[in-house]
Amino acid sequence: MSPPSSPVGFRPTPSLTLSAVLVVCGFAACGEPAAPPVADRLFVGAPVYTVDAALPWAEAVAVANGRIVYVGEEGAARRLVGETTEIVELAGGMVLPAFQDAHIHPVMSGVEIGRCDLSVASDRAALFDTIRACAERQSGEWLIGFGWELPIFPDANPRAEWLDEIVPGRPVYLASADGHSAWVSSPALELAGIDRETPDPPRGRIERDPVTGEPSGTLREAAADLVEELVPPAPLEERLQGLLLAQERLLTAGVSAVQDASTRREYLEAYRRAEATGRLDLRVVAALWVDPERGVEQVDDLAALRDEFSSPAVRPTAAKLFLDGVIEARTALMLEPYSDRPGYHGVPEWDRQQLLPVVARLVEEGFDLHFHAIGDGAVRLALDAVEATRGIAEVAPGSAAAQRRPRHHVAHLEVIHPDDLSRFAVLEVGADFQPLWAQADTYIVDLTWPALGPERSRWLYPIGSVHRAGGRLVFGSDWSVSSLDPLDGIEVALTRRSVDGSTEALLPGEAIDLATALEAYTLGAAWANGLDGDSGSLEVGKRADLVVLDQNLFELPSERLAEAEVVRTVIAGADVYRIDESTSRR
């Protein structure tokens, strides 16, 4: 999709006169004249980018009862103004559909930030100081923290004795920013019974001192679970407060709906409490975690969990399957061995023969599949699994799968083999990228390039190639792994450089244009969330979920898109966040 020109001298298309727009089912019988509704709110004074191919630009949006009743020319829109209409006079900028995030961890990340946020530290000295401050502030036997960056340490491998010195005598569990490694202290290793004789668990690795063979203090993937299972769980009130903190940040960034990318009962309980007390503004799709240690029998349990927690605002309709780890820790599943570890392909989370029947049963039960796949081996496995489910609706016409079109998507997609690029379109699988990662940062330069070598590094985050092959782009942040601000990710999707401009462009041929990036963070993410029939674009009849920016993105250079600021977030016609006061009553 090419970027539409800015709507200077906008004129609505002849087919979208006021009378034509209002003759829709819901206001009157289709084909019969309809009395114009009185708008509750009218947004004018800024160009409106609709993400609707039929009418990309407009001058005004009218809202009644939480729904859009008109999109088009301002003069015609003002015919919907009544005595009670609030006219929102915007001072320029831009109106567009509210963003949606198709891969994020709101409850978990909110809890993490509330405990000990290590993501603020960019070097070892700052990280050690942050850990020391958290230890002074955090009571209890354990010190728990989250968010340290792997490139701070050689081979992404911090040591237990450093924690023993900073936090003497306490068990410490610090999850890495990507969530696939943990840094633990010697008391934590001792409590978990991990020593030089402890074998690596399936789907995990205990990093060891190359001389003594003793555990070094870094645990990968399932090995981290050996300590994490000893950490006291967050109580419901803490989970609720974490969710509310996450929601506040999301609304500030213009995000109206999310897919919680790995949900368990304890997170659903937090959503239920927030909704029951009138504090949940977001719409949430929950991707229920699928346990690789169990088989098809767990699908009935997941379906029961879905039925128990489904509500107007929360829909546990997706199933999350982790297929591999991450390249930086050498746990991502690659088709060919790692360049720096001959013969080693990574750590598969699922055996193919175990995965396929579980996936088939999930699809039969009506779940959308949400895969974690970083390496090209995991990406291919995800696509193969989806392909194997084609025809289930025909074979089982009475099943849940037969009642709807699936919204399967594969998240992360750091490396995709060229032979698999076109399969996203063929299989109708969403390509769920985290666009902020498509830059040559220290993760790529120090940890990824040495692992892949030059040939495979040509296929890092191939967003443009998937788009050109006809694949549906879906964007998410994976917060708290990285910034939840869609404008940050959109800028990097266009520039392939860091937001501060400090890095060289990573494979600039994989960049996309602004219209395509906006669609991926609105209508594309709404598709993955199963909400595209009701949101994701500004069209008559859809929910009035929109965002107002202080600048028109189409008038900004690509390298300055992240400078734009959200000044108002509207969900179902009501302000849930705003920083301006430019409203008036007729």
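**View 1. Thr442 in helix H15 is partly exposed.** In this predicted model, Thr442 has a relative accessibility of 42%, so it counts as partly exposed. Thr442 belongs to helix H15, which covers residues 442–457. Setting aside neighbours within four places in sequence, look for Pro151 and Leu447, which are in contact with Thr442. Ala234 is 208 residues apart from Thr442 along the chain, and the C-alpha atoms of these two residues are separated by 32 Å.

**View 2. Asp209 is a buried loop residue.** The loop shown here joins strand E12 (204–208) to strand E13 (215–221), and Asp209 is found in it. With a relative accessible area of 16%, Asp209 falls under the 20% cut-off, so it counts as buried. Once neighbours within four places in sequence are left aside, Asp209 is in contact with Arg159, Glu214 and Ser216.

**View 3. Helix H3 is largely enclosed by the rest of the structure.** This helix runs over residues 106–115, and 8 of its 10 residues are buried. You can find them here as Pro106, Val107, Ser109, Gly110, Val111, Glu112, Ile113 and Arg115. What do the buried residues of H3 pack against? Their partners are strands E8 (99–104), E9 (143–148) and E14 (255–263), together with helices H4 (124–137), H8 and H9.

**View 4. Helices H8 and H9 cross at roughly 70°.** Here H8 spans residues 236–252 and H9 spans residues 265–276, and their axes come within 9 Å. That angle makes H8 roughly perpendicular to H9. The crossing is right-handed. On the H8 side, the contact is made by Leu236, Glu237, Arg239, Leu240 and Leu243, while H9 brings Glu266, Glu269, Ala270, Tyr271, Arg273 and Ala274. Sorted by type, the residues of this contact are 6 nonpolar and 5 charged, with no polar ones.

**View 5. The largest nonpolar core holds 114 residues.** Good places to start looking are Leu321, Leu362, Phe371, Phe424, Phe433, Leu518 and Leu553, which touch the most other members. Helix H12 (residues 376–389) gives the largest share of this core, with 7 residues. For a closer look, take Leu362: apart from its neighbours within four places in sequence, Leu362 is in contact with Val290, Val299, Leu302, Ala319, Leu321, Phe367 and Leu369.

**View 6. A second, separate core contains 23 residues.** Among its members are Leu118, Phe128, Ala135 and Trp183.

Note on methods. Residues are numbered from 1 along each chain as its sequence is written. This is a predicted model: local features need pLDDT of at least 70, side-chain atom pairs count only at pLDDT 80 or more; totals for chains, interfaces and linings use all residues. Side-chain values use heavy atoms; hydrogens and water are left out. A nonpolar core is a set of buried Ala, Val, Leu, Ile, Met, Phe, Trp, Tyr and Cys residues joined through side-chain atoms within 4.5 Å. Buried means under 20% relative accessible area, exposed over 50%, partly exposed in between (1.4 Å probe, protein chains only). Helices (H or I, at least four residues) and strands (E, at least two) are DSSP runs, numbered from the N terminus. Contact means heavy atoms within 4.5 Å. Axes are lines fitted to C-alpha atoms, for helices over the stretch in contact, and angles run from 0 to 180 degrees between N-to-C directions. Angles under 35 degrees count as roughly parallel, over 145 as roughly antiparallel, 65 to 115 as roughly perpendicular and the rest as oblique. A crossing is left-handed if the near helix is turned anticlockwise from the far one by less than a right angle, and right-handed if clockwise. Ala, Val, Leu, Ile, Met, Phe, Trp, Tyr, Cys and Pro count as nonpolar, Asp, Glu, Lys and Arg as charged, and the others, Gly among them, as polar.
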